[in-house]
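Please take a walk through this model with the sequence at hand. We start with the overall build, then go to one strand, the ligand site and a few backbone details.

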Amino acid sequence: MLIDQLKSRIRGFVYLIICICLVKTFVMYKWANGTFYTDAYYIRRSEEALRANQLLSRRYMLSNVKLSTNSYVKHDTIGPTQLGRFQRENATLLMLVRNEELAGALRAMRSLEDRFNKNYHYDWIFLNDVPFEDIFIETTSAMASGITKYAVVPSSDWSTPNWIDQDLYARQREYMTKIKVLHGESESYRNMCRFYSGFFFRQEVLDNYDYYFRVEPDVEYFCDFSYDPFKIMKEQNKKYGFVISLHEYEDTIPTLWEAVDEYIQEDEGYDIDMENNIFDFIIQEDSISSAKVFDSNSDYNLCHFWTNFEIADLNFFRSDKYLRFFNYLDSKGGFYYERWGDAPIHTIAASLFLRPDEVIHFEQIGYKHSPYFACPSAYSYRLNQRCLCDYAGTGNIHLEAISCLQEWWKWGGGKTFMSNY
Ligand SMILES: Nc1nc2c(ncn2[C@@H]2O[C@H](COP(=O)(O)OP(=O)(O)O)[C@@H](O)[C@H]2O)c(=O)[nH]1
Ligand SMILES: [Mg+2]
């Protein structure tokens, strides 16, 4: 009897040991395979991680909007409530483009759609000097979240006027090629620059719009937009908006300033209000730092807004002031005999006819047009808006001597801080 009891105890003990060993093996196996943790454990850990990173979380930051300490844009115009999905201004996205640039056009569209337009569905307008191919129309329409429109530029807006001396024009192109001016030989590039200087805003397809946003193939927008730039333009009565400003190659505009100077004299203050305009931003006198690196042979310091990004009030370009100015410059033939770009033309016009507060530097928009880019300087903003740019990387225009942002801060619209509002 006693022996039976003893046997049963020993058996029980052995079973217990076996059970302990089995559990231990199971636990060690799970541990070794990383499957030991339970769902509850993971949930707890992720909650901890979430709490620890709340300061960096997008939702948290958006609900406590403080985008940048350096913003020009008023605090109350930014934020999720302003992403009012379908509230649009009377505006369009605009791309002048060639059929063969389709891939780059789609890349640029995708970037702008993902970062901005998917929330607004602004129309896209495509212009070309020849008809668009079906594949172009089909694929860009598919990429757009808004309506797409396509128009061919009339040849009268895209050709040398009959008063241009063709022999002189040919000799000048040859000369510009010889001295290695970028696009020095190109006739189409000159047509494009003249078109963007004096004709794009007169295209019928743009007639019913007030604002436009110029887009070029292969550009990239680095950050989620934190506001609708068209809304800012409208609410703050801005006529012209830029992201990058830099110095122009003087070889492309050797006599431009001479013509501008003549125009200013002839105007005698009729259109140009020297007391209130932004003239100081573009003149050499008293220019600071970087301008000295890019010394100019005229009073023009060569600063211009880089017009491959441009958001503007079309009515500024449609105005008699602007048209008079353009016609005067056009009559000099410099778009063809030299290679005047639309960027210095737009910039000089804005500096002559607008007040500093009518031009806005969109410093929150991350943007790249090779070889330069602009990347918002505030780290918190870059996190918040999921920016894909390397602020310290090569090509950040604001870290390069060629930039004119310092001139803009000092002589143009200045630098306004959020705390100033
Ligand atoms: N349809 C058309 N578009 C052009 C032509 N030349 C330039 N463009 C467009 O005009 C814009 C500026 O031209 P681009 O070559 O990018 O000049 P860059 O930015 O100064 O190097 C881009 O949107 C081009 O697609 C042309 O001959 N025909
Ligand atoms: Mg370009």
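**A guided tour of the chain**

The chain has 17 helices and 12 strands. Helices (H or I, at least four residues) and strands (E, at least two) are DSSP runs, numbered from the N terminus. This is a predicted model: local features need pLDDT of at least 70, side-chain atom pairs count only at pLDDT 80 or more, and totals for chains, interfaces and linings use all residues. Residues are numbered from 1 along each chain as its sequence is written, while chains are lettered from A and ligands numbered from 1 in the order in which they are written.

Of the 421 residues, 38% count as buried. A residue is buried if 20 or more other C-beta atoms lie within 10 Å of its own, exposed if 12 or fewer, and partly exposed in between, with C-beta atoms placed from the backbone. Two residues are in contact if their C-beta atoms, placed from the backbone, lie within 7 Å. Among contacts with a separation of 6 or more, 82% are between residues 24 or more positions apart.

Now look at strand β1, residues 91–96. Why is β1 largely enclosed by the rest of the structure? The reason is that 6 of its 6 residues are buried. Ala91, Leu93 and Met95 cover one side, and Thr92, Leu94 and Leu96 the other; all are buried.

β1 has strand partners. Strands pair if DSSP finds at least two bridges between them. With β4 (residues 211–214), β1 shares 4 bridges, and the two run parallel. There, Thr92 has Tyr212 as its bridge partner. With β2, β1 shares 5 bridges, again parallel. Here Leu94 is matched with Ile125. β1, α4 and β2 form a right-handed β-α-β unit. Right-handed means that, with the strands pointing away from the viewer, the path from the first strand over the helix to the second runs clockwise.

Next, the ligand. Which residues surround ligand 1? They are Leu96, Val97, Arg98, Glu101, Asn128, Asp129, Ser188, Tyr189, Met192, Glu216, Pro217 and Asn308. Each has its C-beta atom, placed from the backbone, within 6 Å of the ligand. Helix α7 (residues 187–198) gives the most to this shell, with 3 residues. By class, the shell has 5 nonpolar, 3 polar and 4 charged residues. Ala, Val, Leu, Ile, Met, Phe, Trp, Tyr, Cys and Pro count as nonpolar, Asp, Glu, Lys and Arg as charged, and the others, Gly among them, as polar.

Some backbone details deserve a look. Most residues other than glycine have a negative phi, and most peptide bonds are trans. His121 has a positive phi of about 60°. It sits in the loop between α4 (102–115) and β2 (123–128). His121 counts as partly exposed because it has 15 C-beta neighbours inside 10 Å. Leu302 also has a positive phi, about 75°. Leu302 lies in the loop between α11 (290–293) and β8 (303–305). Leu302 is buried, because 25 other C-beta atoms lie within 10 Å. Ser370 and Pro371 are joined by a cis peptide bond, with omega about 5°. Pro371 is in the loop between β11 (367–369) and β12 (372–374).

Finish at Gly333, in the loop between α13 (320–331) and α14 (334–337). Gly333 counts as buried because it has 20 C-beta neighbours inside 10 Å. The C-alpha atoms of Gly333 and Tyr169 are separated by 9.2 Å, although the two are 164 residues apart along the chain.
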